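Subject: Structure for you to look at

Hello,

Here is the structure I promised to pass on. Please open it alongside this note, and I will walk you through what turned up.

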Amino acid sequence: MDGSGTRYAELLGSTEPGGDRWAVVGRVLYPWCPHGQMDSSLVTALGRGRGGPVTTVRNRNTVRELAALLDR
């Protein structure tokens with residue numbers, strides 16, 4: 001795990017995940033929030049991290065819509 005992965009692990013390791021799950025692969029964090037990101041303790045913890053990694057989020061519906069645009 002590189003520096004970004006270590007920061008994710010430290011930040012999220014101290015968070016009660018509830019029903020959320022996460023995995024770090026290299027510099028990428030893969031969260032699973034079955035009850036949505038709005039109510040996710042993991043997403044909340046990431047938002048509180050200062051000086052942490054830059055993030056971008058796409059949910060499945062957004063990815064499908066983007067794929068449909070590419071198919072046109």
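Let me begin with a pairing in the sheet: tryptophan 22 has proline 31, in β2, as its bridge partner. That pair belongs to an antiparallel arrangement in which strand β1 (residues 21-25) and strand β2 (residues 28-32) are joined by 5 bridges. The two strands make a hairpin, with 2 residues between them. In the turn you will find glycine 26, whose phi is positive, at about 65 degrees.

Before going further, a word on confidence, since this is a predicted model. The protein has a mean pLDDT of 78, with 82% of its residues at 70 or more. Helix α3 (residues 60-71) has the highest confidence, at a mean of 90, while helix α1 (residues 3-13) has the lowest, at 69. Please keep that value for α1 in mind when you read about the core below.

As for the overall layout, the protein has 3 helices and 2 strands, and along the sequence they follow the pattern α-β-β-α-α. Of contacts between residues at least 6 apart in sequence, 33% join residues that are at least 24 apart.

Now the interior. Of the protein's 72 residues, 17% count as buried. The largest nonpolar core consists of 6 residues, namely Tyr8, Leu12, Val24, Leu29, Leu42 and Ala45. Two or more of these residues come from each of α1 and α2 (41-48). Ala45 is worth a click: leaving out residues up to four places away in sequence, alanine 45 touches Leu11, Leu12 and Thr15. Leu12 is thus listed both in the core and among the residues that alanine 45 touches.

One loop residue also caught my eye. Serine 40 sits in the loop between β2 and α2. Is serine 40 buried or exposed? Serine 40 counts as buried because its relative accessible area is 1%, and the cut-off for buried is under 20%. Setting aside neighbours within four places in sequence, its contacts are Asp20 and Cys33.

Finally, the outside: the accessible surface of the protein is about 5,700 Å², and carbon and sulfur atoms account for 53% of that surface.

If you have a moment, I would start with the hairpin and then turn to serine 40. Do write back with any thoughts.

Best wishes

Technical notes
Residues numbered from 1 in each chain as written. Predicted model: local features only at pLDDT ≥ 70, side-chain atom pairs only at ≥ 80, totals over all residues. Heavy atoms only, no water. pLDDT = per-residue confidence, 0-100. Helix = DSSP H or I, 4+ residues; strand = E, 2+ residues; numbered from the N terminus. Core = buried A, V, L, I, M, F, W, Y, C linked by side-chain atoms within 4.5 Å. Buried < 20%, exposed > 50% of the residue type's maximum accessible area, 1.4 Å probe, protein only. Contact = heavy atoms within 4.5 Å. Pairing = 2+ DSSP bridges. Areas by Shrake-Rupley, 256 points an atom, 1.4 Å probe, with all protein chains shown as cover.
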